[in-house]
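Okay, thanks everyone, let me get the picture up on the screen. I'll walk you through the overall layout and then go into a few side chains.

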Amino acid sequence: MTEETPGFDERPDVPSDAAQPADDVAQGAGSADKAGPAPAGDDMTDVGLQAQLDQVRKALSERTADLQRLQAEYQNYRRRVERDRVTVKEIAAANLLSELLPTLDDIGRAREHDELVGGFKSVAEALETVVAKLGLQQFGKEGEPFDPTIHEALMHSYAPDVTETTCVAILQPGYRIGERTIRPARVAVAEPQPGAKAASDEDAKGAKGAKASDEESGGPDEG
């Protein structure tokens, strides 16, 4: 007979790959449950980041448009200020030179009568040089067509040798600064004589008819 050691129960050998305890099984199941919904959480995070990125892009686009609008307004402001500055300068120069026009007229008349001599000549030429540097330009010539925007007709007559209203004498020259007229040229004008144009047209028609008659008859008769 085999003696058994009291107090010890014999247990069969358990293989290492046997089933784990219930607690371990439950813990593994819990881990599996936690790992399962992870992809859904990542999608939510990506959607939130994309929404934030869209908001940032929209804000950047709006700020860029505001900056471009402000830059365009500033450029328009600079151009307007420069234009106003030039206009104010021209007005100031025009007001000053308008006071000198009678003196310039006296100088012109003295030059026409050969009275511009000596020290008076030197002063006159210096004054003309200064006003030219300020942009003053003289205009008005005999023989040019009459333009009511730059000419003022003080005398009127008819002439057979003009085909349109023409300036035949410059009584006072005109002056301008740039495109601004300070004083129109005061002139005497001549118009074509009444009926001269009709007579000229009749002569032209008669010449044309004679030429056509010669062509039809084979040319002028030879003697």
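Before I read out the fold, a word on terms: helices here are DSSP runs of H or I with at least four residues, strands are E runs of at least two, and both get numbered from the N terminus. Also, keep in mind that this is a predicted model.

So, the layout. Going along the sequence, you get α-α-α-β-β-β-β-β-β-α. In total that's 4 helices and 6 strands.

How much of this protein is buried? Of the 223 residues, 14% are. The accessible surface is about 17800 Å², and carbon and sulfur atoms supply 54% of that. On contacts: if you take the ones with a separation of 6 or more, 65% are between residues 24 or more positions apart.

Now the sheet. There's an open one with 3 strands, in the order 1-4-5, and the pairing is antiparallel. At the edges you have strand 1, which is 136–139, and strand 5, which is 180–183, each of them pairing on one side only. From one strand to the next, the twist averages 35 degrees. If you look at strand 1 and strand 4, the latter being residues 174–177, they run antiparallel and 4 bridges join them. To get your bearings there, find Q138, which sits opposite Y175 in strand 4.

Okay, charges. How many salt bridges do we count? The answer is 8, and I'll show you three, including two within helix 2.

Start with R69 and D66. They form a salt bridge, with the closest N and O atoms 2.4 Å apart. Why can these two reach each other? Both are in helix 2, residues 38–112, and because they're 3 residues apart, about one helical turn separates them. R69 is partly exposed at 43% relative accessibility, and D66 is partly exposed too, with a relative accessible area of 29%.

Further along helix 2 there's D106 with R109, a salt bridge where the closest N and O atoms are 2.5 Å apart. Again, these residues are 3 apart in helix 2, so about one helical turn lies between them. D106 comes out at 42% relative accessible area, partly exposed, and R109 at 41%, also partly exposed.

The third pair is R180 and E90, another salt bridge, with the closest N and O atoms at 3.9 Å. This pair ties together distant parts of the chain: R180 is in strand 5, E90 is in helix 2, and they're 90 residues apart. The cut-off for a salt bridge is within 4 Å, so at 3.9 Å the pair does count. As for exposure, R180 has a relative accessible area of 32%, which makes it partly exposed, and E90 is partly exposed at 25%.

Last stop, H151. You'll find H151 in strand 2, residues 151–159. Buried or exposed? With a relative accessible area of 5%, H151 is buried; the cut-off for that is under 20%. The H151 side chain makes a polar contact with the side chain of E144, at 2.8 Å. And what else does H151 touch, leaving out residues up to four places away in sequence? Besides E144, there's P145, F146, C167, P184, A185 and V187.

That's what I had, so let's go to questions.

Conventions. Residues numbered from 1 in each chain as written. Predicted model: local features only at pLDDT ≥ 70, side-chain atom pairs only at ≥ 80, totals over all residues. Heavy atoms only, no water. Buried < 20%, exposed > 50% of the residue type's maximum accessible area, 1.4 Å probe, protein only. Contact = heavy atoms within 4.5 Å. Areas by Shrake-Rupley, 256 points an atom, 1.4 Å probe, with all protein chains shown as cover. Pairing = 2+ DSSP bridges. Axes fitted to C-alpha atoms, helices over the stretch in contact; angles between N-to-C directions. Salt bridge = Lys/Arg side-chain N within 4 Å of Asp/Glu carboxyl O. Polar contact = N/O pair within 3.5 Å; in protein donor to acceptor, adjacent residues only side chain to side chain.
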